[in-house]
Amino acid sequence: MITFHATTICAVRRGPDDIAIGGDGQVTMGETAIMKNGAKKVKKIFGGKVLTGFAGSVADAFALTEKFEKKLEEHGGNLKRAAVDLAQMWRSDQGMRSLEALMIVCDRDELLVISGNGEVIVPDQQFVAIGSGGNYAYSAANALFNHTDMNAEEIVRESLKIASSICVYTNDHITVEKL
């Protein structure tokens, strides 16, 4: 089976008016081939009030993003309720269980990671990173968030840039969305 390696997504909240999510653009097939350099894996949904980013299978992530947006509509924009509902559906639905992706979702109040194991994770601090270079971006975001006055977008960009210099599955074609 050919494995498509994910990407790196990083999100930072510095308060209700300083929120950013970003991702690199690399899509890798197997261990040796870069399929695409400029994929966009972060976007605004729900009328521009929610940011999402995904790591994993691109097709699976698109399907999950659509389902998440429907859950947001069902729950009147309540991010946590929509995330829990999606995670429960993802875990229990036979067809969805095989989807391979992680999602970060955030709005002005919440920052969450949603997984296919039925987990909705609230990070300990107001930043998180997922994907192939997630540990590298997380470490950089931790240092920058806690030891600089950089804004959310600057932290996201620099964290992804650092991850791209270390992780072979992450490039420096960075896309950032802000609230």
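The expected span of a helix is 1.5 Å times one less than its number of residues. Keep that in mind as you open this predicted model.

**Stop 1: helix α4**

Select residues 152–164, which make up helix α4. This helix has 13 residues and reaches 18 Å from its first C-alpha to its last, close to the 18 Å expected at 1.5 Å a residue. Now show the side chains of Ala152, Ile155, Val156, Ser159, Leu160, Ala163 and Ser164, the buried residues of α4. They sit on the same side of α4, because they cover an arc of only 160° around the axis. Which elements do the buried residues of α4 pack against? Colour β2 (8–13), β3 (19–23), α3 (134–147) and β12 (175–178) to see these partners.

Before leaving, zoom in on the start of α4. There, a side-chain oxygen of Asn151 comes to within 3.1 Å of the backbone nitrogen of Glu153.

**Stop 2: Thr8 and Thr7**

Next, pick Thr8, in strand β2. Is Thr8 buried or exposed? Its relative accessibility is 0%, so Thr8 counts as buried. Among the residues that Thr8 touches are Leu160 and Ala163, both of which are also buried residues of α4. Other contacts of Thr8 include Gly22, Gly23, Ile130, Ala137 and Thr170. For a polar detail, turn to Gly133: the side chain of Thr8 reaches the backbone nitrogen of Gly133 at 2.9 Å. You can also draw a C-alpha to C-alpha distance from Thr8 to Lys40, which gives 11 Å for two residues that are 32 apart in sequence.

Step back to Thr7, in the loop between β1 (4–5) and β2. Thr7 is buried, with a relative accessible area of 1%. Its contacts include Gln26, Lys41, Phe54, Ala55 and Tyr169. Asp24, Ile130, Ser132 and Gly133 are on the contact list of Thr7 and on that of Thr8.

**Stop 3: the open sheet**

Phe54 and Ala55, touched by Thr7, lead you to strand β7, residues 50–56. Colour the open sheet of five strands by its order, β6-β7-β8-β9-β10, with antiparallel pairing. The edges are β6 (42–45) and β10 (120–121); each has a single partner strand, so one side of each is left without a neighbour in the sheet.

Inside the sheet, look at how β7 meets β8 (residues 101–106): six bridges join these antiparallel strands. Find Leu51 here, and opposite it Cys106 in β8.

Finally, select residues 79–92 for helix α2, which lies across β7, β8, β9 (111–115) and β10. Helix α2 runs at about 10° to β9.

Terms used:
Residues are numbered from 1 along each chain as its sequence is written. This is a predicted model: local features need pLDDT of at least 70, side-chain atom pairs count only at pLDDT 80 or more; totals for chains, interfaces and linings use all residues. Side-chain values use heavy atoms; hydrogens and water are left out. Helices (H or I, at least four residues) and strands (E, at least two) are DSSP runs, numbered from the N terminus. Buried means under 20% relative accessible area, exposed over 50%, partly exposed in between (1.4 Å probe, protein chains only). The arc is that of the directions from the helix axis to the C-beta atoms. Contact means heavy atoms within 4.5 Å. A polar contact is a pair of N or O atoms within 3.5 Å; within protein, one must be able to donate a hydrogen and the other to accept it, and residues adjacent in sequence count only if both atoms are side-chain atoms. Two strands pair if DSSP finds at least two bridges between them. Axes are lines fitted to C-alpha atoms, for helices over the stretch in contact, and angles run from 0 to 180 degrees between N-to-C directions. Lists of a residue's contacts leave out its neighbours within four places in sequence.
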